2 protein chains.
Amino acid sequence: MKRLADTQVAIVGLGLMGGSLAGALRGQCRAVVGVARRAETIETALALGLIDRGATDLTSGVRQADVVVLATPVRVILRQLAEIGPLLPEGCLLMDLGSTKAQIVAEMARLPEHVQPLGGHPMCGKEVAGLEAADPALYRGRTFILTPLERTSEAALGLGRALAQAVGACPLVLGPERQDHLVGVVSHLPYLLACALVATVDALTSADPAAWEVVAGSFRDASRVAASDVTMMLDILLTNREEVLKALDVYQTQLHDLVQLVEGGDEDEMRTILSTIRERRLEMFP
Amino acid sequence: MKRLADTQVAIVGLGLMGGSLAGALRGQCRAVVGVARRAETIETALALGLIDRGATDLTSGVRQADVVVLATPVRVILRQLAEIGPLLPEGCLLMDLGSTKAQIVAEMARLPEHVQPLGGHPMCGKEVAGLEAADPALYRGRTFILTPLERTSEAALGLGRALAQAVGACPLVLGPERQDHLVGVVSHLPYLLACALVATVDALTSADPAAWEVVAGSFRDASRVAASDVTMMLDILLTNREEVLKALDVYQTQLHDLVQLVEGGDEDEMRTILSTIRERRLEMFP
């Protein structure tokens with residue numbers, strides 16, 4: 001397997017994640033090829049200096065690639081995995097950037113033997129989607145989860161690690177179920193909670209024009225991810241449904257306990273429980 | 001009633017809020033007097049340049065004040081209101097910075113006639129409590145809710161507005177019930193949701209050391225306020241319990257609906273509802 005500096009990397013999908021990855025990789029490998037359906041997207045990526053060249057069809061875009069990264073929504077990745085195998089050169093490393101991994105890794109297991117598959121999930125993003133929001137610094141300092149398959153060679157995993165490090169991220173190898181559980185709790189659950197909060201504030205305050213002058217930092221921060229790209233989130237929720245529902249169930253129980261705590265109004269009990277939660281939060285983010 | 005520049009302002013309680021207010025007012029009025037129980041606190045506030053002078057007893061601290069601001073937790077404010085009246089000079093403006101207003105305004109109504117009461121609630125704060133975290137820029141650009149009583153004179157309200165503007169805030173006059181409703185929804189509710197999220201993440205991931213490498217921005221932002229000062233939050237929850245419980249009830253219903261949406265897995269319905277919520281969030285914070 002080549003060193004990253006000698007590879008041609010094809011990035012399929014030039015949205016926020018793919019465009020940012022392309023920009024961060026450019027100059028660190030032999031060439032970055034952007035693959036997008038629309039010629040206009042390629043032109044924009046070239047104008048923004050994010051890619052060395054582009055292709056509007058998958059076949060020509062990946063033909064000479066040493067590394068291919070699928071940077072599309074999860075269910076598009078699943079469809080692309082089903083058809084891309086025969087298009088890839090011998091020994092090609094095939095990665096993705098999807099937020100859920102169990103279904104993707106299962107689909108990767110069906111790829112032809114000449115391909116080296118490696119699941120990937122960089123823990124970064126923005127509420128503004130699209131190539132125009134691309135930022136080569138997006139991955140810097142973030143965890144980049146890698147989910148190798150049994151068939152993934154050490155060399156292929158090493159190249160995946162090198163790619164993550166080249167964009168400034170910290171690679172972390174996890175099994176796909178463990179990643180889907182953890183990310184379901186710390187990322188997919190907060191998205192739905194933010195959505196419920198926006199719906200609640202809308203229902204309770206939208207009739208009062210003063211609401212937007214009063215709006216607090218706590219609401220702004222807690223509702224931020226409710227503005228995430230819906231197609232991306234829909235794919236995530238539909239491909240990590242069991243974990244998300246389990247996390248929601250535990251959250252509803254915890255919230256119910258807090259409601260009872262406030263209803264009961266026992267000051268000592270409230271202080272004990274809220275202090276314990278505060279301590280945990282301070283330990284989580286020292 | 002004097003102009004702000006000619007007043008002596010006494011600030012009772014030199015924590016984050018009081019210390020920051022003192023620092024922001026200093027130089028914009030004749031003198032800022034800090035009142036705290038411990039001599040050490042006064043020394044720190046003097047050393048930080050936040051006050052002109054200090055007092056460790058309420059009687060001497062407010063004796064010559066034109067404006068007194070109670071910057072203590074809500075239930076301490078309620079106790080101080082019950083005893084401070086006779087200590088205040090004729091025509092003194094008495095304000096507070098408590099996050100809930102209905103109970104405070106009711107207590108203010110019992111003040112002796114020579115006092116001009118005015119409820120106040122600046123929409124700002126930090127998760128780090130205490131004088132050491134004081135920052136004269138804390139109020140800048142924030143909404144400063146004012147809740148006048150029927151007995152509050154136009155001149156007293158004008159002086160309260162001038163004080164809010166002097167620290168860079170935007171005064172907003174609201175009735176106490178309307179403020180408690182709005183703030184219950186946009187600020188007190190998000191605190192409890194953040195607490196439930198911390199408890200959930202703790203319950204579901206604390207056994208896995210990888211959890212803290214995976215931790216996402218969405219969780220960090222959504223859980224931030226769970227680190228708030230517990231004494232302050234306890235007083236808020238206990239003095240705005242009805243509004244908080246009503247908001248929690250609506251939130252639980254909204255969340256239940258989203259759980260059913262994910263359970264049902266109807267893609268079109270999910271897209272419609274999540275898109276509507278996303279649009280609302282974008283309207284709220286354009």
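Here is a walk through this predicted model, from one chain's domains to the place where two chains touch. Local features need pLDDT of at least 70 and side-chain atom pairs count only at pLDDT 80 or more, while totals for chains, interfaces and linings use all residues. Residues are numbered from 1 along each chain as its sequence is written, and chains are lettered from A, with ligands numbered from 1, in the order in which they are written.

Let's start inside chain A. Its domain assignment (bounds from an automatic or database assignment) gives domain 1, 4-174, and domain 2, 179-284. The C-alpha centres of these two domains of chain A lie 32 Å apart. They still meet: 14 residues of domain 1 of chain A are in contact (C-beta atoms, placed from the backbone, within 7 Å) with 14 residues of domain 2 of chain A. On the domain 1 side, the elements giving two or more residues are α4 (74-84), α5 (102-108) and β7 of chain A. These labels are DSSP runs numbered from the N terminus: helices are H or I with at least four residues, strands are E with at least two.

Now for the sheet. Chain A has an open sheet of eight strands in the order β3-β2-β1-β4-β5-β6-β7-β8, with mixed pairing. Two strands pair if DSSP finds at least two bridges between them. At the edges sit β3 (53-55) and β8 (170-173) of chain A, each pairing on one side only. Look at β3(A): β2 (residues 31-35) of chain A pairs with it in the parallel sense over three bridges, and Gly34(A) has Gly54(A) as its bridge partner there.

So much for one chain; what about the other? The contact between the chains takes 74 residues from chain A and 74 residues from chain B. On the chain A side, α7(A) gives the most, with 21 residues. By class, that side has 51 nonpolar (Ala, Val, Leu, Ile, Met, Phe, Trp, Tyr, Cys and Pro), ten polar (the others, Gly among them) and 13 charged residues (Asp, Glu, Lys and Arg).

Finally, find helix α11 (residues 241-264) of chain B. Its axis and that of α11(A) come within 11 Å and cross at roughly 165°; axes are lines fitted to C-alpha atoms, for helices over the stretch in contact, and angles run from 0 to 180 degrees between N-to-C directions. That makes α11(A) roughly antiparallel (over 145 degrees) to α11(B). Among the residues making this contact are Leu248(A), Leu255(A), Leu248(B) and Leu255(B). By class, the contact of the two helices has twelve nonpolar, two polar and four charged residues.

Key
Contact = placed C-beta atoms within 7 Å. Parallel < 35°, antiparallel > 145°, perpendicular 65-115°, else oblique.
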